[in-house]
Amino acid sequence: MKRIVVFTGSFNPPTKAHLAALTTAMDKISADAGYFVPVAGKYVRLKMLEKNDGIILSDNIRLSMLKAMAKTDDRIKISEFELNGGDSFRTYNTFCEIRRENPDAEIYHLCGADKLRSIPKWFNAEDFLKEFKTIAFCRNSNLSCFNLSAGIKLYVIATGLYHR
């Protein structure tokens with residue numbers, strides 16, 4: 001069965017650490033493909049306001065940067081589903097769209113370990129956790145601080161990489 005790793009995020013800006021996390025995850029599970037799925041600017045602006053971070057790159061700049069990064073590995077693709085208004089930034093719906101496009105694939109969700117606590121609060125979280133596996137990357141291999149919900153199929157990659 002084909003395997004796909006999907007990495008969603010603001011990628012504001014995309015970094016070498018994002019690329020390394022995706023390629024490492026793809027290598028660890030012998031994935032056939034990896035997707036960067038950048039969210040639309042509306043979400044990025046909300047996120048940056050919460051962080052009190054004034055730097056907001058346009059959708060076109062973030063997309064161009066991700067496309068340049070994707071050229072380093074033929075397995076990497078970019079999904080513009082969320083940039084094009086795909087279902088109001090609902091991760092579950094994005095993953096269902098990728099599955100619809102790849103019905104023969106096992107799809108893995110790649111996220112930073114810091115996002116694990118929020119997954120149970122997501123739209124359709126229970127279905128998401130049943131239907132997709134999660135790969136978490138972290139700065140170290142200690143996940144003892146996380147109280148993971150039942151049902152999260154978790155693979156841990158301790159990359160030692162930093163986002164910024």
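Strands here are DSSP runs of at least two E residues, numbered from the N terminus. With that in hand, the predicted model can be walked through, starting with Thr8, which sits in strand S1, covering residues 2–9.

Thr8 comes out at 17% relative accessibility, and since the cut-off for buried is under 20%, it counts as buried. As for its company, leaving aside residues up to four places away in sequence, Thr8 touches Val37, Phe95 and Leu110. Leu110 turns up again further down, as part of the pairing between S4 and S5.

Zooming out for a moment, the chain holds 5 helices and 6 strands. Read from the N terminus, the order is β-α-β-α-α-β-α-β-α-β-β. Of the 164 residues in the chain, 48% are buried. Contacts reach well along the sequence, too: taking those between residues at least 6 apart, 66% join residues at least 24 apart. The accessible surface adds up to about 8,700 Å², with carbon and sulfur atoms accounting for 49% of that.

Back to the strands, and to S4 in particular. This strand spans residues 105–112, and 7 of its 8 residues are buried, so S4 is largely enclosed by the rest of the structure. On one hand, S4 pairs with S1 in the parallel sense, over 6 bridges. Within that pairing, Lys2 stands opposite Ala105 of S4. S4 also runs parallel to S5, and here 5 bridges do the joining. One of the residues involved is Leu110, whose bridge partner in S5 is Ile135. Leu110 is thus a handy landmark: it is among the residues touched by Thr8, and it is bridged to Ile135 in S5.

How do S4 and S5 connect along the chain, and what is the handedness of the β-α-β unit they make with helix H5? The unit is right-handed, with H5 (residues 125–131) as its helix.

S5 itself takes in residues 133–138, Ala136 among them. Ala136 has 0% relative accessibility, which is why it counts as buried. Thr8, at 17%, is classed as buried as well. Ala136 also makes a neat example of sequence distance versus spatial distance: Leu116 is 20 residues away from Ala136 in sequence, yet their C-alpha atoms are 7.7 Å apart in space.

Taken together, the picture around S4 is of a strand with S1 as a parallel partner, S5 as another parallel partner, and 7 of its 8 residues buried.

Terms used. Residues are numbered from 1 along each chain as its sequence is written. This is a predicted model: local features need pLDDT of at least 70, side-chain atom pairs count only at pLDDT 80 or more; totals for chains, interfaces and linings use all residues. Side-chain values use heavy atoms; hydrogens and water are left out. Helices (H or I, at least four residues) and strands (E, at least two) are DSSP runs, numbered from the N terminus. Buried means under 20% relative accessible area, exposed over 50%, partly exposed in between (1.4 Å probe, protein chains only). Contact means heavy atoms within 4.5 Å. Accessible areas come from the Shrake-Rupley method with a 1.4 Å probe; for residues, only the protein chains shown count as cover. Two strands pair if DSSP finds at least two bridges between them. A crossover is right-handed if, with the strands pointing away from the viewer, the path from the first strand over the helix to the second runs clockwise.
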